[in-house]
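Subject: Structure for your review

Dear colleague,

Please find below the sequence and the structure that I am handing over to you. My findings follow directly after them.

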Amino acid sequence: MAKVPGSWEKAESLTGPWAGPSTQQARRIVDDPDRLTPDELSIVSSEQFDRAFEEYSQLGPRASVPLEERWPEAIPDVDPSKYPALKAKCHEITWTVVRWDDDVKCGRLLDEDDVVKRMVAIRYPYLRPRHQISVRTYASFANR
């Protein structure tokens with residue numbers, strides 16, 4: 001293995017993307033928890049969304065079956081033409097929470113009073129508490 005020339009102190013004084021978190025300026029917070037506005041669910045009812053999100057969040061062998069094949073059984077009262085928008089909404093929620101969790105882990109967002117939990121509750125008021133927990137758990141796993 002090749003050695004990096006110079007001392008550790010010199011490496012710490014470098015600036016740029018390779019310098020690490022101790023020498024870089026923290027990026028501006030993208031989402032301010034105090035300025036979030038609630039997302040409105042207009043695709044389906046909150047009860048239908050709850051069943052759809054439950055199926056979207058499945059892990060294990062069932063997850064290998066495409067949503068378009070699983071949703072007719074889980075949400076038979078939803079028109080299949082709404083599936084793409086519903087899938088996009090589920091994806092948006094999951095990956096927004098992953099980004100918020102990453103912002104906390106990287107120090108771009110202060111973790112005061114479990115800020116990600118608060119942000120999820122504010123932004124997605126139609127998510128049931130168990131889904132709020134599951135998206136935060138998934139975000140922590142995705143950002144390990």
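Glu55 counts as buried because its relative accessibility is 8%, and buried means under 20%. Please bear in mind that this is a predicted model. Glu55 belongs to helix H2. When neighbours within four places in sequence are left aside, the residues in contact with Glu55 are Arg62, Leu67, Arg70, Trp71 and Ala74.

A second residue to consider is Gln132, which is located in helix H6, spanning residues 129-142. With a relative accessibility of 14%, Gln132 also falls under the 20% limit and therefore counts as buried. Its contacts, again without the neighbours within four places in sequence, are Val120, Ala121, Tyr124 and Leu127. For Leu127 there is a further detail: its backbone oxygen lies 3.1 Å from a polar atom of the Gln132 side chain. Gln132 may also be viewed in relation to Lys117: the two residues are 15 apart in sequence, and their C-alpha atoms are 7.5 Å apart in space.

Arg99, in helix H4, has a relative accessibility of 33% and so counts as partly exposed, the class that lies between the buried limit of 20% and the exposed limit of 50%. In sequence, Arg99 and Ala139 are separated by 40 residues, yet from C-alpha to C-alpha they are 7.8 Å apart.

I turn now to the largest pocket. Its volume is about 340 Å³. The lining consists of 13 residues, and those nearest the centre of the pocket are Tyr56, Ser57, Leu59, Thr94 and Tyr138. Which helices each supply at least two residues of this lining? They are helix H2 (46-56), helix H4 (83-105) and H6. H6 provides the largest share, with five residues. As to the classes of residue in the lining, seven are nonpolar and six are polar, while no charged residue is present.

The helices thus connect the two parts of this message. H2 holds Glu55, H4 holds Arg99 and H6 holds Gln132, and each of these three helices contributes at least two residues to the lining of the largest pocket.

With kind regards

Terms used
Residues numbered from 1 in each chain as written. Predicted model: local features only at pLDDT ≥ 70, side-chain atom pairs only at ≥ 80, totals over all residues. Heavy atoms only, no water. Helix = DSSP H or I, 4+ residues; strand = E, 2+ residues; numbered from the N terminus. Buried < 20%, exposed > 50% of the residue type's maximum accessible area, 1.4 Å probe, protein only. Contact = heavy atoms within 4.5 Å. Polar contact = N/O pair within 3.5 Å; in protein donor to acceptor, adjacent residues only side chain to side chain. 1 Å grid on protein atoms, 1.4 Å probe; cavity = no way out; pocket = protein on both sides within 12 Å on 5 of 7 lines; lining within 4 Å. Points joined across faces, edges and corners; volume = space filled by probe spheres on them. Nonpolar A, V, L, I, M, F, W, Y, C, P; charged D, E, K, R; others polar.
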